[in-house]
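Please walk me through this model in careful prose, moving from its loops to its strands and then to the side chains that link them.

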Amino acid sequence: MNQESSLICRHFVSYSGIKLPLKLVNELTEAGLNNRNTFYRGYFDAQDRLLICQKIVYGEVESEHRYRYDDNGVLKHALIIEDDEERELDFDE
């Protein structure tokens with residue numbers, strides 16, 4: 001079983017701000033996805049923390065963020081995958 005199968009998947013029009021983790025905004029319904037070429041797919045855990053964020057363009061994943069948090073819910077690590085390149089960021093308290 002992969003990680004995504006145990007998470008809550010939701011779809012959004014965009015994100016706001018520049019800090020990580022991204023803040024996804026304007027949630028879409030399944031019906032709202034029918035006429036969209038670009039949207040964001042977020043996978044959330046039971047505490048509503050964004051763990052995986054994918055930018056979907058014409059049905060393909062264009063970029064992806066993967067987040068890890070400490071026990072207090074503070075972002076500790078981000079993996080950003082874009083254009084076949086990976087960047088990793090670690091955050092101190």
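Aspartate 84 is found in the loop that lies between β6 (75–82) and β7, and in this predicted model its phi is near 60 degrees, a positive value in a residue other than glycine. With a relative accessibility of 82%, aspartate 84 counts as exposed. Asparagine 26 likewise has a positive phi near 60 degrees without being a glycine, but its place is in strand β2, where asparagine 26 is exposed with a relative accessible area of 53%.

The strands themselves form an open sheet, in which 7 strands follow the order β2-β1-β3-β4-β5-β6-β7 with antiparallel pairing. At the edges stand β2 and β7 (85–90), each of which has a single partner strand, so one side of each is left without a neighbour in the sheet. From one strand to the next, the twist averages 30 degrees.

At the β2 edge, β1 and strand β2 (residues 23–28) run antiparallel and are joined by 5 bridges, and serine 14 has valine 25 as its bridge partner in β2. The hairpin of β1 and β2 has 6 residues between the strands, and in this hairpin glycine 17 takes a positive phi near 80 degrees. Proline 21 is also found in the loop between β1 and β2, and the peptide bond that leads from leucine 20 to proline 21 is cis, with omega near -5 degrees.

On its other pairing, β1 meets β3 in the antiparallel sense over 5 bridges, and here phenylalanine 12 stands opposite tyrosine 40 in β3. Tyrosine 40 also takes part in an aromatic contact, and a search of the whole structure finds 2 aromatic pairs. One of these is formed by tyrosine 15 and tyrosine 40, which are arranged edge-to-face at 5.5 Å centre to centre, with 80 degrees between the planes. Because tyrosine 15 lies in strand β1 (residues 8–16) and tyrosine 40 in strand β3 (residues 38–44), the pair ties together parts that are 25 residues apart in sequence. The two rings belong to residues of unlike accessibility classes: tyrosine 15 counts as partly exposed at 36% relative accessibility, whereas tyrosine 40 is buried, with a relative accessible area of 11%. A further ring is engaged by a charge, for the charged end of arginine 10 sits over the ring of phenylalanine 44, at 4.4 Å from its centre.

Which polar contacts does the side chain of glutamate 64 make? Glutamate 64 has its place in strand β5, and its side chain is joined to that of glutamine 54 by a polar contact of 2.7 Å and makes a polar contact of 2.6 Å with the side chain of arginine 66. Glutamate 64 is buried, with a relative accessible area of 10%, and, leaving aside neighbours within four places in sequence, glutamate 64 is in contact with Ile52, Cys53, Gln54, Leu79, Ile80 and Ile81.

Histidine 65 is found in strand β5 (residues 60–69) as well, and histidine 65 is buried, with a relative accessible area of 12%. The side chains of histidine 65 and tyrosine 67 are joined by a polar contact of 2.6 Å. When neighbours within four places in sequence are left aside, the residues in contact with histidine 65 are Leu20, Leu22, Leu51, Ile52, Cys53, Leu79 and Ile80.

Key. Residues are numbered from 1 along each chain as its sequence is written. This is a predicted model: local features need pLDDT of at least 70, side-chain atom pairs count only at pLDDT 80 or more; totals for chains, interfaces and linings use all residues. Side-chain values use heavy atoms; hydrogens and water are left out. Rings of Phe, Tyr and Trp (its six-membered ring) pair if their centres lie within 6.5 Å; planes under 30 degrees apart count as stacked, over 60 as edge-to-face and the rest as tilted. Helices (H or I, at least four residues) and strands (E, at least two) are DSSP runs, numbered from the N terminus. Buried means under 20% relative accessible area, exposed over 50%, partly exposed in between (1.4 Å probe, protein chains only). A charge sits over a ring if NZ of Lys or CZ of Arg is within 6 Å of the ring centre and within 35 degrees of the ring normal. A polar contact is a pair of N or O atoms within 3.5 Å; within protein, one must be able to donate a hydrogen and the other to accept it, and residues adjacent in sequence count only if both atoms are side-chain atoms. Contact means heavy atoms within 4.5 Å. Two strands pair if DSSP finds at least two bridges between them. Axes are lines fitted to C-alpha atoms, for helices over the stretch in contact, and angles run from 0 to 180 degrees between N-to-C directions.
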